[in-house]
Amino acid sequence: MTTTEGRDVHYGHRLETGVFVTPTARPAQNPVTLAQLAEELGYDLATFQDHPYQPAFLDTWTLLSWVAAQTNRIRVMGNVLNVPLRQPAVLARSVASLDLLSGGRVDLGLGAGAFWDAMVAMGTDRLTPGQGVTALGEAIEIIRGVWDEHEKSPLRVAGEFHHVDGAKRGPSPSREIPIVVGALKPRMLRLVGTQADGWLPSLAYLAQMDGGTGVRAFVEGNATIDAAAEAAGRDPREVRRLLNINGRFSPVRTGFLQGPAETWVEDLLPLVVEHGLGTVILGTDEPAVMTQFAQEVVPALRERVDAAVEGGSRGVRVRSRRALELRAPEVDYDGLPASLAETAVEPGDRDYHRARGGYMRGGSPGIVLRPGSTAEVVDALAFARRQPHLPLGIRSGGHGISGRSTNAGGIVLDLGKMRKVEVIDSEARLVRVQPGARWMDVAREIGPRGWAISSGDFGGVGVGGLATAGGIGFLGREHGLTIDHVREVEMVLADGSVVVANDSQHTELFWGVRGAGANLGVVTSFVLEAREVGELGWGTLTQDAEDTADFLARWGAYVQDAPRDTTSFLLMGRPRAGQPRVVQTMTMVDSSDPDTIVERLQPIAAISPLYGQDVRLTTYTQVIANAPEEGHVSDGEPHSRSGLLERMTPEFAAAAAALLDSGEVFFFQIRATGGAASDVAPDATAYAHRSASFAVSAMGVDGMRLERAWAPLREHFVGLYSSFETDESPARVREAFPPATLARLKALKADVDPDDVFDANFDVTKG
């Protein structure tokens, strides 16, 4: 589309709306009430001027924080924050903090400052226009540097007006916070083009500059920004164009933005579709004007924009040229389905560091797809099938010991947006859970009902990975494996078909998904049966382990034959020079009777002297709430081994002690299983090692050395648990699945995944 000046300047941005409210101190609640009204009316942004030297105004930063706390959806922004009065490093942390506390609802508007006489009176040195540009550019550099907490080096910016020397970075905000600059003059506009994410002038000031409506000055400002952006190697579309407007509704049109609502639409439409305006911010403190604009102007304007330009008012996602340069060469980015385009993460995106990997492996995928529905999972798999040369990883909640949910240069299908937990049958205690939920999310939802589902030992584990592999948890000896709670799954198969599998339909698939689900498709929801679990005992004991073999043997002998209400896990690390060897046990007793709890724990406490103990009456929900809300992303490469043990024999205890003595293991864990898990027939699910009473795992820093130290233990095992094993050689696949199970899985996989689309997680075709 061409303007009267001959320039095509529709930038493809989503059309947003905001309000510009005066931060009046009396009544102090008035700007808050107006922001709340703006949220109700559907505005995207609530903004406030920043003139802290005005005694009649509230402090804008305090107001932004309060408004964010008093609203739920709308974003907040200073319009614009006065940088000479806001120290950049402190401001960066303030903005990031508010972003994290508000759930990603703060934008950052900056200005070089105005009303210099007032600011000089407050102790700020007067700057020339050129100095103001330099100072603002330095501030932006510092703010972005503070936000980049993944950069390991201290932040150093030796500016003329702002400088930091070795400042600590962080916290990072939850999203790519746009830095918007309020500017009018050419030098500042060039700064916008080279450094900022948005330009925010006021139409009233632009009108003073061009002697008319301000539209010509807006177009000329865009041209200056675009030229500067191009000269800096940026795409001009990287800069959003915002505009503060004022006007008056009246029955008869008397001028620009002066008249009926339909004339407002006619005035604003060219600004959007011909001159690149992306965010219209209405300056008003009048609820009636705010309401009329939202109800009569905005819908009509969106409809006209939808009809006029590609992408319409929804816009199209624009990535920076730098981000495009970081794309993986083999990925067909242009073929990405529209349903996934807005949420996909690429190597140049701000979210890439968090999306690229998981708990143990960093990863460097070419693209991370984040579907939010079953239909979008279908689209994601279609995209992956068209590129069979690329590795495909499937991630649920993002934990994962083995690290198989990520890759290098390929596609990762991240189900983290699909995390809904809902009770669908209270009498039968049935819960529908999406795969991206974490087990502490599930516990929080069902715990108040007095229910629980046994689910590993860490609340940050994703539901999808655990509920398709096994699930050896703190209630396991009483309630069985997590997969034993699964009553139904909805899943997307390799060909894109969506099926429901349970005991009456797709029964063979239902058999296979419980233990080898990663081979067969992507589960998009589980129906799980919870159990009634009230208050229970939780004991953490730290004890002497100088005679490691003796401790292991005695602990194992007790735990294996203990009442089923008792499940105990054991944890040890490598020897520490000059310090005693210790062992920690974590034991859950499904009883609210203190005497019973003590009775169950006493045999463990009696094995060796105690260094520490923590025994409490608590709930399953509180125990499993042991993970941070934001998952950890590693930069490393995991090396772990797994084995399933039927009995804790003295010979195995001695071999395990030798493994720990080697120093090659920094993490060694034994989980008690058996009990109810062993009541299930070996051929009832694809997890066939039902005779096992213990699951053993170890981690080391070097794969070859770990393998040499682990090898002597193998003769004691009856199989392995795939979620804790990083060696995916054919021999390990055969250990994970006994011959009859493996043959049955191969036949099932040939039926539902003949092209081996799902080959990244203990691929049964390689066994």
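How many bridges join strand 28 (residues 640-645) to strand 30, and do the two run parallel or antiparallel? Six bridges join them, and the strands run antiparallel. Bear in mind that this is a predicted model.

Strand 30 covers residues 694-699, and it has a partner in strand 29 (residues 667-672) too: six bridges again, with an antiparallel run. Here is how the two pairings look, with one bridge or facing pair picked out for each.

| Strand paired with strand 30 | Bridges and direction | One residue pair |
|---|---|---|
| Strand 28 (residues 640-645) | Six, antiparallel | Leu644 with Ala695 |
| Strand 29 (residues 667-672) | Six, antiparallel | Phe668 opposite Ala698 |

So what about burial? Six of the six residues of strand 30 are buried, so the strand is largely enclosed by the rest of the structure. Both faces are covered: one side has Phe694, Val696 and Ala698, the other has Ala695, Ser697 and Met699, all buried. That puts Ala695, the bridge partner of Leu644, on one face, while Ala698, which stands opposite Phe668, belongs to the other.

Now for a pair of helices. The axes of helix 2 (residues 60-70) and helix 3 (residues 88-102) come within 10 Å and cross at roughly 10 degrees. Since angles under 35 degrees count as roughly parallel, helix 2 is roughly parallel to helix 3. Helix 2 brings Trp61, Leu64, Ser65 and Ala68 to the contact, and helix 3 answers with Ser94, Val95, Leu98 and Ser102. By type, the residues of this contact split into five nonpolar and three polar, with no charged ones.

Methods:
Residues are numbered from 1 along each chain as its sequence is written. This is a predicted model: local features need pLDDT of at least 70, side-chain atom pairs count only at pLDDT 80 or more; totals for chains, interfaces and linings use all residues. Side-chain values use heavy atoms; hydrogens and water are left out. Axes are lines fitted to C-alpha atoms, for helices over the stretch in contact, and angles run from 0 to 180 degrees between N-to-C directions. Helices (H or I, at least four residues) and strands (E, at least two) are DSSP runs, numbered from the N terminus. Angles under 35 degrees count as roughly parallel, over 145 as roughly antiparallel, 65 to 115 as roughly perpendicular and the rest as oblique. Contact means heavy atoms within 4.5 Å. Ala, Val, Leu, Ile, Met, Phe, Trp, Tyr, Cys and Pro count as nonpolar, Asp, Glu, Lys and Arg as charged, and the others, Gly among them, as polar. Buried means under 20% relative accessible area, exposed over 50%, partly exposed in between (1.4 Å probe, protein chains only). Two strands pair if DSSP finds at least two bridges between them.
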